[in-house]
Amino acid sequence: MTTVQAGPLPGTTLPPDARLVAGVGCGSAADAAELIALVERCLAALGALPATLVCLASHTRKAGHPALLAAAHHFDVPLCLLDDSELSADIRTPSPRVLAAIGRPAIAEAVAAAAGPLMLAKRKSAHATCALALCDVDFDPLAFAQASSASASIAPSTLSTSCAGP
């Protein structure tokens, strides 16, 4: 593992047709406003607009996490959930604390990099981390979501129907 300073990777420039995946790791105390603000801050650090985001991704441990569902709904993108075998080994900023807690050196970067090359090493908020990866030209977020979890590809629509009331 190589440790580098969190932030845009050296020489990072986005192509005009950039499509990004936001890898997100979060604790149970994270709320939707925190996750949305963190993802927006990460996009801004790269000079990217929210429209470049094609999916949010996290670990299967976070299935059903209301803040992740709400953030995916906010950005109108699928939520992709990956298990340990699907995570990338491209970790730029490993966390000894995360390693001790869950046996993985990182979640945000590992999940993002599963979709393509990291563009932004993780950034932190109080209860979450976010990293951004550039999708390959043939990357299909819906196929990624379906391959990673049957429920992940419907996360945004599940949230809208579950919040509709009685």
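Just after helix 1 comes Gly47, a residue whose phi is positive, near 75 degrees. The helix that ends there, in what is a predicted model, spans residues 32–46 and so contains 15 residues, and the distance from its first C-alpha to its last is 22 Å, close to the 21 Å expected at 1.5 Å a residue.

Helix 1 has a set of buried residues, namely Glu34, Leu35, Ile36, Leu38, Val39, Cys42, Leu43 and Leu46. In general, residues three or four places apart on an α-helix point the same way, because there are 3.6 residues to a turn. The cover over the buried residues of helix 1 includes strand 1, strand 2 (53–59), helix 2 (66–75), strand 4 (118–124) and strand 5 (128–134). Ala33 also lies in helix 1, but this residue is exposed, with a relative accessible area of 53%. Although Ala33 and Ala67 are separated by 34 residues in sequence, their C-alpha atoms are 7.9 Å apart in space.

One of the buried residues of helix 1, Cys42, leads to a point about cysteines. A disulfide is, in general, a covalent bond that joins the sulfur atoms of two cysteines. The sulfur of Cys42 has its closest cysteine sulfur in Cys130, at 3.8 Å, and this is too far for a bond because a disulfide requires the two sulfur atoms to be within 2.5 Å. Cys130 accordingly takes part in no disulfide, the nearest cysteine sulfur being that of Cys42, and the structure as a whole holds 0 disulfides. Cys42 counts as buried, at 0% relative accessibility, and Cys130 likewise counts as buried, at 0%.

From here the reader can turn to strand 1 (residues 20–26), where Val24 has its place. Val24 is buried, with a relative accessible area of 2%, and, once its neighbours within four places in sequence are left aside, Val24 is in contact with Leu35, Val39, Leu56, Ala57, Ser58, Leu68, Ile107, Ala108, Thr129 and Cys130. Two of these partners, Leu35 and Val39, are among the buried residues of helix 1. Val24 and Lys62, which are 38 residues apart in sequence, have C-alpha atoms that are 9.8 Å apart in space.

Strand 1 also has a part in the largest pocket, which has a volume of about 560 Å³. This pocket is lined by 24 residues, and the closest to its centre are Gly25, Cys26, Gly27, Arg97 and Val98. Strand 1, strand 2, helix 3 (96–102), strand 4 and strand 5 are the elements that each give two or more residues to the lining, and the largest share, 4 residues, comes from helix 3. In terms of character, the lining of the largest pocket divides into 11 nonpolar, 8 polar and 5 charged residues.

These elements can finally be set within the whole chain, whose secondary structure comes to 6 helices and 5 strands. Followed along the sequence, they make up the pattern β-α-β-α-β-α-α-β-β-α-α. The chain has 166 residues, of which 49% are buried. Among the contacts in the chain with a separation of 6 or more, 69% are between residues that lie 24 or more positions apart.

How values were computed: Residues are numbered from 1 along each chain as its sequence is written. This is a predicted model: local features need pLDDT of at least 70, side-chain atom pairs count only at pLDDT 80 or more; totals for chains, interfaces and linings use all residues. Side-chain values use heavy atoms; hydrogens and water are left out. Buried means under 20% relative accessible area, exposed over 50%, partly exposed in between (1.4 Å probe, protein chains only). Contact means heavy atoms within 4.5 Å. On a 1 Å grid over the protein atoms alone, a cavity is a set of points where a 1.4 Å probe fits but cannot get out, and a pocket is an open set with protein on both sides within 12 Å along at least five of seven lines; lining residues have an atom within 4 Å of a point. Grid points are joined across faces, edges and corners, and a volume is the space filled by probe spheres set on the points. Ala, Val, Leu, Ile, Met, Phe, Trp, Tyr, Cys and Pro count as nonpolar, Asp, Glu, Lys and Arg as charged, and the others, Gly among them, as polar.
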